[in-house]
Amino acid sequence: MTINQNELLSAFVDGELQGDEFEQALQIVTTNEQARTQLQRYQLVSDVLQGHTLGNQYVDLTSQISAALVDEPVFTQASTTNKKSQVIPFPKQFWKQATGLAVAASVGALAVMGVMTQPQNQLIPVTPVAAIDTPVVTVAQAGNRWTVGEPEVEHRLDTYLLDHNEYAGASGVFSYARVVSYDAGR
Amino acid sequence: MQVLQVFLSILMMSLGVHAYADSDAIELLERTGLAAQQLNYDGVFAFQKGDKLQSIRIIHRSDVQGEIERLVSLSGVEREFIRTNDMVTCIYPEGKRPQANRQPLGRGFPSDLLTRLNVATLYYQVTLGEQSRIAAHQVQELLITPVDNYRYGYRLWIAKDSNLLLQSDLVDDTGRVLEKFAFSSVEIGGDIPEQSLQPQMSGNKMSWSRTESVSPSVAIEQEDASNWQIVWLPDGFALVALQNRLKARNGAAVEQRVYSDGLSSISIFIEKIRARHSHLSGGTRMGAVNAFGTIINAHFVTVVGEVPARTVEKVGNAIRYLDRSE
Amino acid sequence: MSVDLELVQRVQAGDKKAFDVLILKYQQRIVHVITGFVHDPVEALDVAQEAFIKAYRAIPNFRGDSAFYTWLYRIAINTAKNHLTARARRPPAMDVDAMDATNFYDAPELKEFETPESSLMSDELEQAIHRAIQDLPEDTATAIQLREFDGMSYEEIAQAMDCPIGTVRSRIFRARDAIDKQIQEIMGEGEQQ
């Protein structure tokens, strides 16, 4: 196992591969057990750091699932292509169901569902209705960032602010605008 | 515009039996709530916070099918929101994840909460202010003034002909404007073609439905069962939500409690310390939002709210851990 | 094209091993998500396995309209929900918990992770990772933190740290390599299986 191979696996974990590196990485991972174990450790460390492990329990389901899949069909390009026209239905009630569950399970942060890629329409610029006048009244220079100066702490506060705004319904107008303008302040 | 509608309906609920309210002011507030819901309008509003100005175009249509509105950011980060009766979709450019990954505001509080707000009454004074002109409309000012210095007040400007809210300022006790929302131009009452409500941006799309939080009664039970006790809150603040979230970043469980007087709200976050991380100690602010952090019994405790610094600090110092095992 | 989508296309073209890589990549997250619904960790593993199998069966239909993880996540929560519904219908006489507990130590895939010893090991693991990061040179530590804590892409990190993307990649790799050396002792035999 060379250093370069491990660097490739590290980039693989991050999905940051260039050119034909995907081929190389997949080749290594599916044929070299040591490389596979290495990838698994890199992935586990990443999962631990990103908080994707729960209660410090790490699982390895790969072998048991692979075993369970032995009798499953191997797909062919043809079967895939044929079925491509078949859209997996997005149940209309899905949002509600899933959201209900998310709430029931108190996993609020996971209530976001469905990231779809839009057709690649050309971006049509939106014409402003009118030029915007700078408001006459000055708003207090309270800043757009937390006055902490420590990224880790600010990040946690950012997360809290979003969570707070979800409930700060009373001042709804403000909550909405705070979030819309959120990135702009960064 | 449901956001506005909720905002105003909550205002109305909370102020409905207000001792200081003058009846003209309350009546205007009610009309404003209906106007935001029932009118068609197409305009550009600015949201101002500190030296940052964000322009947002809003197109709102109301018909037999209900309300639909489209919001497009015109400055800063490209982004569109489409809101229909029960669904919010955010569209953002390819490859850029929005930081705001959730609905900033639901349809509002659960309906039973509105009832609860009837008891949260005597903490703001509602009066009519002066008449002036905003975005080519004659407006009537409405003043919402807190009775103590633990919360902020509002100044609202409402179009006299249509009753649409055209400007809203959040002000502190010295009259400083902390955040401002104002239409720079708006067309009220015209036809809104279907096309105007279609997203124009291509890119990724993220949808979510308006969710309701756990009902207050459930939240109160959870609060009773919790090891954490809040021994002081400003008058009128009551628990409106309590939930345990799993933080996506590190999987830590975070208890969030939201207390509100119907108009202002405070969240308290309690997060078990899982690793050696630094935490906010004392106060900080961003725009109108103040935060106060402390560490209690190996937990990061943070109070966040669109209330004055003194409020989050006092609440932060009033949090106690009860060891129930003893 | 994203790595996930390439892997999916491989599976669609008949490469089952590519699906193993997807499992490897997402198993912790999926188990984590499912545990939010199905609180029993043993059940959660079963549900996770079921979810992955369902995903495999459905993968010919995956068209890349959403991110793979989003799609998988949806399958996982639906599986979890169905599981909860099914469990609620079970006759109360059946002591499910006791049965699961009996099977608990017999299940080879669980033994390694669920025994008290392994739980201790896992705590050590997390601490070792954080220790290793603290010992890294500043540039390396910053790169891995921006990547893992802030979810930034290599390009974003390159901008933030004002260095070429290749440097970001090697810094992140060096960080992982250093962490890996620290944790190998702890992972020890458990990982060799």
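**Close-up views of a predicted model**

**View 1. Helices α1(C) and α2(C) meet through a small set of named residues.** From α1(C), the contact takes in L7(C), R10(C) and V11(C). From α2(C), it takes in K16(C), A18(C), F19(C), V21(C) and L22(C). Six of these contact residues are nonpolar and two are charged. None is polar. The structure shown here is a predicted model.

**View 2. The axes of α1(C) and α2(C) cross at roughly 145°.** Helix α1 covers residues 3-12 of chain C, and helix α2 covers residues 16-37. Their axes come within 7 Å. The crossing of α1(C) past α2(C) is left-handed.

**View 3. Chain A holds eight helices and one strand.** Where does the strand fall in the order of elements? Read from the N terminus, the order is α-α-α-α-α-α-β-α-α. Six helices thus precede the strand, and two follow. Chain A has 186 residues, and 43% of them count as buried. Consider the contacts in chain A with a separation of 6 or more. Of these, 37% join residues 24 or more positions apart.

**View 4. Helix α3(A) is largely enclosed by the rest of the structure, because twelve of its 17 residues are buried.** This helix spans residues 33-49 of chain A. From first C-alpha to last it reaches 24 Å, close to the 24 Å expected at 1.5 Å a residue. Among its buried residues are A35(A), L39(A), Y42(A), L44(A), V45(A), V48(A) and L49(A). Q38(A), Q40(A), Q43(A), S46(A) and D47(A) are buried as well. After the helix comes G51(A). The phi of G51(A) is positive, near 75°.

**View 5. The largest nonpolar core has 77 residues.** Which residues touch the most other members of this core? They are F45(B) and L166(B). Strand β10 of chain B, residues 177-188, gives the core its largest share, six residues. Another core, of 72 residues, lies apart from it. Its members include I65(A) from chain A, and L24(C), A55(C) and Y73(C) from chain C. In soluble globular proteins, nonpolar side chains tend to be buried together.

**View 6. L166(B) and the residues around it.** Leave aside residues up to four places away in sequence. L166(B) then touches I134(B), A135(B), H137(B) and V139(B). It also touches W157(B), I158(B) and A159(B). A182(B) and F183(B) complete the set.

Note on methods:
Residues are numbered from 1 along each chain as its sequence is written. Chains are lettered from A and ligands numbered from 1 in the order in which they are written. This is a predicted model: local features need pLDDT of at least 70, side-chain atom pairs count only at pLDDT 80 or more; totals for chains, interfaces and linings use all residues. Axes are lines fitted to C-alpha atoms, for helices over the stretch in contact, and angles run from 0 to 180 degrees between N-to-C directions. Helices (H or I, at least four residues) and strands (E, at least two) are DSSP runs, numbered from the N terminus. A crossing is left-handed if the near helix is turned anticlockwise from the far one by less than a right angle, and right-handed if clockwise. Two residues are in contact if their C-beta atoms, placed from the backbone, lie within 7 Å. Ala, Val, Leu, Ile, Met, Phe, Trp, Tyr, Cys and Pro count as nonpolar, Asp, Glu, Lys and Arg as charged, and the others, Gly among them, as polar. A residue is buried if 20 or more other C-beta atoms lie within 10 Å of its own, exposed if 12 or fewer, and partly exposed in between; C-beta atoms are placed from the backbone. A nonpolar core is a set of buried Ala, Val, Leu, Ile, Met, Phe, Trp, Tyr and Cys residues joined through C-beta atoms within 7 Å. The expected span of a helix is 1.5 Å times one less than its number of residues.
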